[in-house]
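This briefing sets out selected side-chain features of one structure, grouped by topic. Please read it alongside the sequence and the coordinates.

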Amino acid sequence: MSDLGQSTPAEAYAMLLDGNSRFVRGERLHPHQDADRRAQSAPGQRPFAVLFGCSDSRLAAEIIFDRGLGDLFVVRTAGHVAGAEVLGSIEYGVTVLGAPLVVVLGHDSCGAVIEAAAA
């Protein structure tokens with residue numbers, strides 16, 4: 001269940017930007033990160049965004065966007081490799097779970113990309 005129920009892509013994007021601004025300022029709210037939220041979201045999920053990002057352990061979407069359980073449907077692969085499984089997961093997040101926004105999150109110094117280029 002997102003904060004807005006059925007949000008628009010613009011509202012979802014604004015929520016991500018607001019959360020990232022809090023993270024950058026060090027003023028995180030840590031929303032939806034308790035046992036009550038887990039119980040609330042257990043029957044079904046309604047994330048407000050699908051986020052496709054790297055598997056890099058230094059980059060966790062829920063942390064850098066100051067979100068919690070059930071807010072984001074996160075798909076991660078090393079180096080942003082997008083095969084059938086990734087595309088199917090993103091499709092599931094949009095068509096079945098109803099997320100109105102898909103975000104592709106990149107980052108600097110991706111080890112998987114550096115190693116692939118060096119091979």
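Arg-67 is buried, because its relative accessibility of 4% falls under the 20% limit. The model in which this charged residue is placed is a predicted one. Arg-67 is bridged to Asp-71, with 3.3 Å between the closest N and O atoms, and Asp-71 is likewise buried, at a relative accessible area of 0%. The points below begin with this pair and then turn to the other salt bridges, the nonpolar cores, one core-facing helix residue and the aromatic rings.

**Salt-bridge network**

- Arg-67 and Asp-71 do not stand alone: salt bridges with shared partners link Arg-37, Arg-67 and Asp-71 into one network.
- The structure has five salt bridges in total.

**Further salt bridges**

- Asp-56 is paired with Arg-58, and their closest N and O atoms are 2.5 Å apart.
- The two partners differ in exposure: Asp-56 counts as buried because its relative accessibility is 13%, whereas Arg-58 counts as exposed because its value is 61%.
- Arg-25 and Glu-27 also form a salt bridge through their side chains, at 2.8 Å from N to O.
- Arg-25 is partly exposed at 48% relative accessibility, and Glu-27 is partly exposed as well, with a relative accessible area of 46%.
- Both values lie between the 20% and 50% limits, so neither Arg-25 nor Glu-27 is classed as buried or as exposed.

**Nonpolar cores**

- The largest nonpolar core comprises 14 residues, and Leu-16, Phe-48 and Phe-65 have the most contacts inside it.
- Four elements each contribute at least two residues to this core: helix 1 (9–25), strand 1 (49–54), helix 3 (61–64) and strand 3 (102–105).
- Helix 1 provides the largest share of the core, namely three residues.
- A second core, separate from the one above, has eight residues, among them Phe-73, Val-75, Val-86 and Leu-97.

**Ile-64 and its surroundings**

- Ile-64 is located in helix 3 and is buried, with a relative accessible area of 11%.
- Leaving aside residues up to four places away in sequence, Ile-64 touches Gly-19, Asn-20, Phe-23, Leu-59 and Leu-105.
- Ile-64 and Leu-17 are separated by 47 residues in sequence, while their C-alpha atoms are 9.9 Å apart in space.

**Aromatic pair**

- A pair of aromatic rings is described by the distance of the centres and the angle of the planes.
- How many aromatic pairs does a search of the whole structure find? The search finds one.
- That pair consists of Phe-73 and Tyr-92, with 5.8 Å from centre to centre and 50° between the planes.
- The geometry is classed as tilted because the angle of 50° is neither under 30 degrees nor over 60.
- Phe-73 belongs to strand 2 (residues 72–77) and Tyr-92 to helix 4 (residues 84–96), so the pair ties together parts that are 19 residues apart in sequence.
- Phe-73 counts as buried because its relative accessibility is 16%; Tyr-92, at 36%, counts as partly exposed.
- Phe-73 thus appears under two headings, as a member of the second core and as a partner in the aromatic pair.

Definitions and conventions: Residues are numbered from 1 along each chain as its sequence is written. This is a predicted model: local features need pLDDT of at least 70, side-chain atom pairs count only at pLDDT 80 or more; totals for chains, interfaces and linings use all residues. Side-chain values use heavy atoms; hydrogens and water are left out. A nonpolar core is a set of buried Ala, Val, Leu, Ile, Met, Phe, Trp, Tyr and Cys residues joined through side-chain atoms within 4.5 Å. Buried means under 20% relative accessible area, exposed over 50%, partly exposed in between (1.4 Å probe, protein chains only). Contact means heavy atoms within 4.5 Å. Rings of Phe, Tyr and Trp (its six-membered ring) pair if their centres lie within 6.5 Å; planes under 30 degrees apart count as stacked, over 60 as edge-to-face and the rest as tilted. A salt bridge is a side-chain nitrogen of Lys or Arg within 4 Å of a carboxyl oxygen of Asp or Glu.
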